[in-house]
Amino acid sequence: MYDIERYLNVRSAFGSSFAPDGTLAFRMDTTGTPQVWTLEEPGAWPTQRTFYDERVTFSTWSPERNELVFGKDEGGNERQQLFRLDADGTVTNLTATDAKHRWGGWSHDGERIAFASNRREESAFDIYIQGREETGDDAELIHEGDGWLSLGGWSPDDSRLLVHEAYSSFDHDAYVLDVESGELTHLTDHSEDAIRYSSLSWSPDGTGVYCCTDLDADTLYLARLDAETGGIETVEEGGEWNLDGVALDDETGRLVYSRNVDGYTELTVGELAGATTIETFPDPEIPAGVAGGVAFDDDADRFAVTVTADTENTNVYVVDVASGAAERWTQASTAGIPEETFRESELVRYETFDDREIPGYLSLPESVPEEGAPVVVDIHGGPESQRRPAFSPVKQYLLAHGYAVFEPNVRGSTGYGREYTHLDDVEKRMDSVADIKAAVEWLADRPDIDGDRIVAKGGSYGGFMVLAALTEYPELWAAGIDTVGIANFVTFLENTGSWRRELREAEYGSLADDREFLESISPINNIEAIEAPLFVLHGANDPRVPVGEAEQIVEQARAQGVPVRKLIFEDEGHGFSKLENRIEAYTEIVDFLDEHV
């Protein structure tokens, strides 16, 4: 039996990029926070390239030189800055402002970078380009935006940039921006319905843009947009499941696209044989689970991909395009815990109040007592997200110590089509909480679950779901664990980062039009109903869900006589990135569960 600290020392390697000479860069959390490491061959001893207490948020090689750009924020404040790491280890801060910066890619000649930033106005993102050796205020503003802009990369001739605009998580537009003139061409015919356009990629000849979209469909499919007229053609149908990502090498036309099949990733590898036809190669020989973050090497003969599964901690595999043969390059440690002790989840479905079937993943400990195991109902955030069969050291700890874990994908989750995702919008919000009630009733009917020891656990929007479940259905719960959760939708929307308020109002309802409703569903206004012991954790620097949400729920729950623990980390934001903080947080969570469950 290993303690929680040992499980939290299970490492992850992810986020890879190939240098022109074939060196692989990736992020790994061996030091306690993700840093940049490099490898020259599979299984070799990796070289650490960055040495910060703070997390590195991404890294990507130059297409022409042995240098890379990486991102880093401070204390979880999400104000990402961009840095260049040279071959000799020299690090140069390229941005050095207090704004947020969203990476947009290297030009093909490696001389310039592009990014989106809210330097001019905190609530809006503009588009900038900058020379590789320029810093700070040297960046050139080439387009002023009025919303949530990001970039899809440079055209093959480096004359244009792909621009993506999000109005909400499910409502997007795509544009082409001329770098010299600043002219912006709107590619997508935006109807009154919310339409997704994601994973934008240039065609090799620069005349087309490949993307995933759900235009006129319930699920995402692969499409090609004409780069001048916006005319759209279907390349690969989505069918029952979302085709939710594509990586395309704009020199060779080789591509990899992913299909989300009930949470599991299916990768298809191919090469463009025409504008809308793909010649496919053998499927990659990678473990069944969740895969993403595809990065081609210089010749697109192989690609790196991050892979994780219930029983496989996260690592980077390199796949040969022509054969599908795959080799694991990174050896992220399992902290000495035997891999054969990791437990696999079962994909299940349960019936909810309106006869709809809700999918989820149930994991049981190896040994279940006669009275049934206690169970942690772990609710994902978002709500536009999905629990998938990925490795979780905390889940494996709970399973090893006798807890079952249930991870439902209630209405509003992604992965099951547009209609399903919108079933919890605004006035339907509490229907998703009712799905949690149905989950508890389904669990309690199982002989392998102890219905008197059921715990609600969740983070961010999942934290709201925990608080709502505890206040709406107080009799069901033995305890609740709320991490960086929303207690009051009104104060949350008033105080969240201005750059994201409009996106969140599209999902939850607006302060101008829906204030009364938002107040009615806020757990803080139903706190008198709560009965179960509560543990509230938060980061003081959280820009998404401000720490005041934690402070107010703790104060009012304690006033009701509820046993409450509170843990605030002064050097964290929306979640906990530092190993020492994760160890403290989950050590206390384990102690809380031991005390009350």
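**Exercise 1. The surroundings of Asp-542**

Leaving aside its neighbours within four places in sequence, with which residues is Asp-542 in contact? Place the residue in the chain, and then describe how its side chain is paired in this predicted model.

*Solution.* Begin with the position: Asp-542 sits in the loop that runs between strand 35 (534-539) and helix 9 (548-559). Next, list the contacts, which, once neighbours within four places in sequence are set aside, are Val-484, Glu-572, Gly-573 and His-574. Then turn to charge pairing: Asp-542 is buried yet has no salt bridge, and Arg-544, the nearest side chain of opposite charge, is 5.9 Å away. Because a salt bridge requires the nitrogen and the carboxyl oxygen to be within 4 Å, the distance of 5.9 Å to Arg-544 does not qualify. Finally, look for a polar partner, and the side chain of His-574 is found to make a polar contact of 2.7 Å with that of Asp-542.

**Exercise 2. Backbone geometry in three loops**

Work out where Val-484, one of the residues in contact with Asp-542, lies in the chain, and what is notable about its phi. Then treat Glu-78 and the peptide bond from Gly-382 to Pro-383 in a similar way.

*Solution.* As background, most residues other than glycine have a negative phi, and most peptide bonds are trans. Val-484 belongs to the loop between strand 34 (479-483) and helix 6 (489-495), and its phi is near 45°, a positive value in a residue other than glycine; with a relative accessibility of 4%, Val-484 counts as buried. Glu-78, which is likewise not a glycine, has a positive phi of about 65° and is found in the loop between strand 6 (68-72) and strand 7 (81-85). The relative accessible area of Glu-78 is 15%, so this residue is buried. For the peptide bond, omega is near 0° between Gly-382 and Pro-383, which makes the bond cis, and Pro-383 is placed in the loop between strand 31 (373-379) and helix 2 (393-400).

**Exercise 3. Two adjacent cysteines**

Determine how many disulfides a search of the whole structure finds, and explain why Cys-212 is not bonded to Cys-211.

*Solution.* The search of the whole structure finds 0 disulfides. Cys-211 is accordingly in no disulfide, the nearest cysteine sulfur being that of Cys-212, 6.9 Å away. Seen from the other side, the closest cysteine sulfur to that of Cys-212 is in Cys-211, and because the separation is 6.9 Å, the two are too far apart for a bond. As for accessibility, Cys-211 is buried with a relative accessible area of 0%, and Cys-212 is buried with a relative accessible area of 0% as well.

**Exercise 4. Salt bridges between and within segments**

State how many salt bridges the structure holds, and then analyse the pairs Glu-236 with Arg-259, Asp-301 with Arg-254, and Asp-297 with Arg-302.

*Solution.* The count comes to 36 salt bridges. In one of them, Glu-236 pairs with Arg-259, with their closest N and O atoms 3.5 Å apart. Since Glu-236 lies in strand 20 and Arg-259 in strand 22 (residues 254-261), this pair ties together parts that are 23 residues apart in sequence. Glu-236 counts as partly exposed at 27% relative accessibility, whereas Arg-259 counts as buried at 15%.

Next, Asp-301 and Arg-254 meet in a salt bridge of 3.3 Å, N to O. Asp-301 lies in the loop between strand 25 (290-296) and strand 26 (302-309) and Arg-254 in strand 22, so the parts tied together are 47 residues apart in sequence. Here Asp-301 is partly exposed, with a relative accessible area of 41%, and Arg-254 counts as buried at 16% relative accessibility.

In the third pair, the closest N and O atoms of Asp-297 and Arg-302 are 2.9 Å apart; Asp-297 is buried, with a relative accessible area of 11%, while Arg-302 is partly exposed at 25%. To finish, Asp-310, Asp-378, Arg-387, Lys-395, Glu-407 and Lys-457 are joined into one network by salt bridges that share partners.

**Exercise 5. The span of helix 4**

Check whether the span of helix 4 (residues 429-444) agrees with its number of residues.

*Solution.* At 1.5 Å a residue, the 16 residues of helix 4 should span 22 Å, and the end C-alpha atoms are 24 Å apart, which agrees. Among the buried residues of helix 4 are Arg-429, Val-433, Ile-436, Val-440 and Leu-443.

Conventions
Residues numbered from 1 in each chain as written. Predicted model: local features only at pLDDT ≥ 70, side-chain atom pairs only at ≥ 80, totals over all residues. Heavy atoms only, no water. Helix = DSSP H or I, 4+ residues; strand = E, 2+ residues; numbered from the N terminus. Buried < 20%, exposed > 50% of the residue type's maximum accessible area, 1.4 Å probe, protein only. Lys, Arg positive; Asp, Glu negative; His and termini not counted. Polar contact = N/O pair within 3.5 Å; in protein donor to acceptor, adjacent residues only side chain to side chain. Contact = heavy atoms within 4.5 Å. Expected span 1.5 Å × (residues − 1). Disulfide = S-S within 2.5 Å.
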